[in-house]
Amino acid sequence: MSTAKQIYYFATCLVDLLYPKAGLAGMQLLRREGVEVIFPHDQTCCGQPAFNSGYRDEALAVARAQLACFKREIPVVVPSGSCGGMIRQHWAELFAGQPDEAQALAVAGRTYELTEFLVDVLHIRLTDLGEPLKVAIHTSCSARREMGVADRIEALVGQLDKVEVLTQERKAECCGFGGTFAIKQADVSGAMVKDKTDALRATGAQRVISQDCGCLMNIGGAFEKQHARQGDGPTAQHVAEFLWERTA
Amino acid sequence: MNQARAFHHRIDKALHDDQLRRNFRSALSGIQAKREIQFPDDTQLQALREQARAVRASALIHQPELLERLEANLTANGIQVHWAEDPEQANAIIYGILEAAKARSVVKGKSMVSEETGLNQYLEERDIEVIESDLGEFIIQLAHEPPSHIVAPAIHKNRREVAELFHRFYPDIPYTEDIDQLTQSARLILREKFAGADAGISGVNFAVAETGTLCLVENEGNGRLSTTAPRLHIAITGVEKVVEKLSDVPPLLEILTKSATGQPITTYFNMISKPRQPGELDGPEAVHLVLLDNGRSRIRIDAELLDTLRCIRCGTCINYCPVYVQLGGHAYGTVYPGPIGIALEPQRLGLDQVGTLTSACTMCGACAEVCPVKIPLPTLINRLRAEAVNLQRTSTPLAGRGSLRKPGEASIWKIWQRLYSSPGLYRLFSFAATRMRWLTPVSLGGWTRYRSAPRPAARTLHELARQEGFRHE
């Protein structure tokens with residue numbers, strides 16, 4: 001039984017523009033559990049890209065613009081480990097000493113990553129309607145280390161009885177995305193995503209599932225580029241879209 | 001060459017050296033596995049980390065008093081204490097001590113602080129023979145290379161490379177790639193050096209204020225020989241290595257050895273508290289300690305950056321860094337590589353000198369997760385990134401603040417801010433981006449060298465959510 005009747009959904013910038021289907025799937029999963037999902041119209045971005053690059057004033061201005069979207073005392077659910085981490089961990093640093101610090105901390109305090117909310121708050125039970133499939137799970141570093149929710153995605157995918165989960169070598173190692181790192185240190189990032197996709201491919205998984213669109217853009221983009229040269233291989237998909245696809 | 005270009009040049013070199021990258025991957029995977037065996041119980045590990053953090057944090061808070069006590073107790077024990085502001089002073093002090101003792105040859109135990117000061121080169125230029133006695137240091141001294149790792153300085157070399165190096169310098173010794181035989185050869189070479197050296201120079205892992213004791217952690221016995229066989233011993237260390245009490249040492253030692261090399265304890269643990277006393281058969285006649293500041297006092301002023309100084313130089317952050325494993329230590333171009341190097345070196349040397357290092361981090365947090373004294377490395381690195389592009393004047397004692405701010409990059413972030421802090425403007429932008437997604441460039445510089453270009457969807461989630469009947473507010 002659900003304890004939260006209403007939630008805010010914070011899609012985040014990457015999901016809004018690049019992965020809206022994943023974002024929508026997350027909302028549908030929540031709605032199916034009897035939750036009223038509110039999508040604040042004025043939401044844009046948590047501020048993470050600028051914060052990670054050292055541009056704190058710019059990050060603060062963007063983060064601040066979100067506060068008005070999440071005023072009521074209801075949970076904020078984010079379909080991304082790194083945006084969740086930004087809000088829950090780093091808004092405190094960003095807003096320190098600002099007039100709206102308390103408001104920002106209040107929002108941070110009721111922010112959940114999507115899989116965390118599905119497991120911990122909604123205690124969701126899933127029935128697998130899909131065909132047998134082999135998957136590998138890539139947990140984003142923020143989900144793992146900032147949010148501590150790496151095991152929630154495992155728990156959710158584990159409920160699907162026709163899905164076989166395969167484990168890649170060096171599972172906890174970063175995929176090399178790192179926001180502007182992938183641009184500023186493009187070749188290092190390229191070497192890292194090569195190692196990551198090699199490890200994922202070696203499992204024999206048909207699909208790679210993640211909680212984070214940054215990692216997906218990196219890993220999925222690398223798969224696409226490699227497929228163009230080497231033919232078929234795994235694809236990358238957001239966990240919300242994967243769960244919705246298999247259970248709806 | 002400016003620092004960014006030089007850094008990219010070194011990175012390029014490292015990424016094209018497949019052998020080097022294989023060496024690092026294999027060595028670091030091995031160290032990680034060994035460490036993890038030492039910490040089967042996470043609750044115990046976290047308790048030990050917290051204890052170690054507290055010991056180091058307390059020592060830093062009380063550092064001025066502790067250093068006074070350390071000096072008083074060392075002096076009472078007969079160990080002479082010297083203070084050095086910078087590398088030049090430290091080197092001059094050490095040279096002065098060697099000169100006064102008419103010492104012409106030195107055996108050295110491993111010391112990263114002596115790398116900071118460039119001590120070997122300084123002494124060699126003054127006709128003093130310096131032999132590194134740690135096996136890894138001995139190897140890279142033969143190869144004329146700096147350490148590529150703070151604990152395992154020759155980690156970048158595999159056994160074949162070491163064998164070839166030995167064969168080149170010691171052609172009389174039969175060629176072998178057998179690690180035990182190579183080690184035996186080095187041992188024979190070094191034994192003679194220990195017997196003949198006028199002085200030994202070592203680092204210090206912990207300097208205990210309460211008792212005036214210098215603790216030295218090592219595995220090869222070379223530390224013990226360097227500090228006992230020659231008639232003169234000079235230790236050099238950073239001022240932050242002081243701890244208050246003898247009872248502070250066990251938790252630090254335990255987490256240091258388990259983290260660094262996956263050993264429950266190292267083969268040797270030396271506690272040096274006096275020169276040779278009348279009637280004793282061995283030990284140096286004189287012991288000196290050189291305490292180097294080299295920017296540490298400046299770092300200590302800032303309540304956040306202070307955490308950098310908790311470091312006990314175990315190298316665990318380096319062992320777990322997914323960027324370091326791709327590049328190795330030399331690519332960083334600084335004495336300390338990896339996460340701790342990225343956090344420490346720009347503070348020590350200035351953001352204008354090595355601030356670009358901060359770009360070599362994905363903020364994955366693997367380093368902070370394993371750091372035995374819980375240094376929040378990504379937070380520190382993020383802070384340095386902010387300082388590097390910040391033009392505002394603050395009391396932060398960081399050299400080169402704002403020096404990496406580029407007008408083009410700064411204006412991109414300003415545009416980004418404008419777009420993402422004005423909902424109306426953002427909706428207009430995202431509408432245009434989805435409707436004109438066919439205009440998305442297929443080539444995006446470094447990104448598309450390794451991946452396809454991301455492409456906006458046909459409709460934003462803002463639009464899809466409304467279509468699907470979700471409540472907008």
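## Two chains, an interface and an open sheet

Let's start inside chain B: Val208(B) stands opposite Val243(B), a residue of E8(B). Strand and helix labels here are DSSP runs numbered from the N terminus, with at least four residues for a helix (H or I) and at least two for a strand (E). Before going on, note that this is a predicted model, where local features need pLDDT of at least 70, side-chain atom pairs count only at pLDDT 80 or more, and totals for chains, interfaces and linings use all residues. Residues are numbered from 1 along each chain as its sequence is written, chains are lettered from A and ligands numbered from 1 in the order written, and side-chain values use heavy atoms, with hydrogens and water left out.

**The sheet in chain B**

Strand E5 (residues 206-208) of chain B pairs with E8(B) in the parallel sense, over two bridges. For two strands to count as paired, DSSP has to find at least two bridges between them. The wider arrangement is an open sheet of four strands in chain B, ordered E8-E5-E6-E9, with mixed pairing. Strand E8 (242-243) and strand E9 (268-272) of chain B sit at the edges with a single partner strand each, so one side of each has no neighbour in the sheet. As background, strands of a sheet pair through backbone hydrogen bonds, either parallel or antiparallel.

**Where chain A meets chain B**

Taking contact as heavy atoms within 4.5 Å, 72 residues of chain A touch 69 residues of chain B. Leu17(A), His41(A) and Tyr55(A) supply 13% of the area that chain A buries against chain B, more than any other three residues. Buried area here is the accessible area (1.4 Å probe) that two parts lose on being put together, summed over both. The table sets out that area for two interfaces.

| Interface | Buried area | Share on carbon and sulfur atoms |
|---|---|---|
| Chain A and chain B | about 6000 Å² | 58% |
| Domain 1 of chain A and domain 2 of chain A | about 2200 Å² | 64% |

There are nine salt bridges between chain A and chain B, a salt bridge being a side-chain nitrogen of Lys or Arg within 4 Å of a carboxyl oxygen of Asp or Glu. Glu473(B) forms one with Arg72(A), with the closest N and O atoms 2.3 Å apart. The polar contact rule finds 38 residue pairs across this interface (both at pLDDT 80 or more). That rule asks for a pair of N or O atoms within 3.5 Å; within protein, one must be able to donate a hydrogen and the other to accept it, and residues adjacent in sequence count only if both atoms are side-chain atoms.

On the side of chain A that touches chain B, helix H11 (residues 186-202) of chain A gives the largest share, nine residues. That side divides into 35 nonpolar, 19 polar and 18 charged residues. In this split, Ala, Val, Leu, Ile, Met, Phe, Trp, Tyr, Cys and Pro are nonpolar, Asp, Glu, Lys and Arg are charged, and the others, Gly among them, are polar.

The chains also pair strands: E2 (residues 36-39) of chain A runs parallel to E11 (residues 471-472) of chain B, joined by two bridges. Here Ile38(A) stands opposite Arg471(B).

**Domains**

Domain bounds come from an automatic or database domain assignment. For chain A that gives domain 1 (6-121) and domain 2 (133-247), with C-alpha centres 22 Å apart. In contact are 29 residues of domain 1 of chain A and 23 residues of domain 2 of chain A. On the domain 1 side, Tyr19(A), Arg32(A) and Thr115(A) lose the most area to domain 2 of chain A, together 20% of what that side buries.

Two salt bridges are counted between these domains of chain A. Lys21(A) and Glu241(A) form a salt bridge too, their closest N and O atoms being 4.0 Å apart. Polar contacts between the two domains come to 13 residue pairs (both at pLDDT 80 or more). H5(A) gives the most to the domain 1 side, with eight residues.

Chain B is divided into domain 1 (1-38 + 314-405), domain 2 (60-152 + 183-294) and domain 3 (413-467). The C-alpha centres of domain 2 of chain B and domain 3 of chain B are 57 Å apart.

**Two backbone oddities**

Most residues other than glycine have a negative phi. His123(A), not a glycine, has a positive phi of about 45°, and its place is the loop between H7 and strand E5 (133-138) of chain A. Met363(B) has a positive phi as well, near 65°, and is found in the loop between helix H17 (351-354) and helix H18 (366-370) of chain B.
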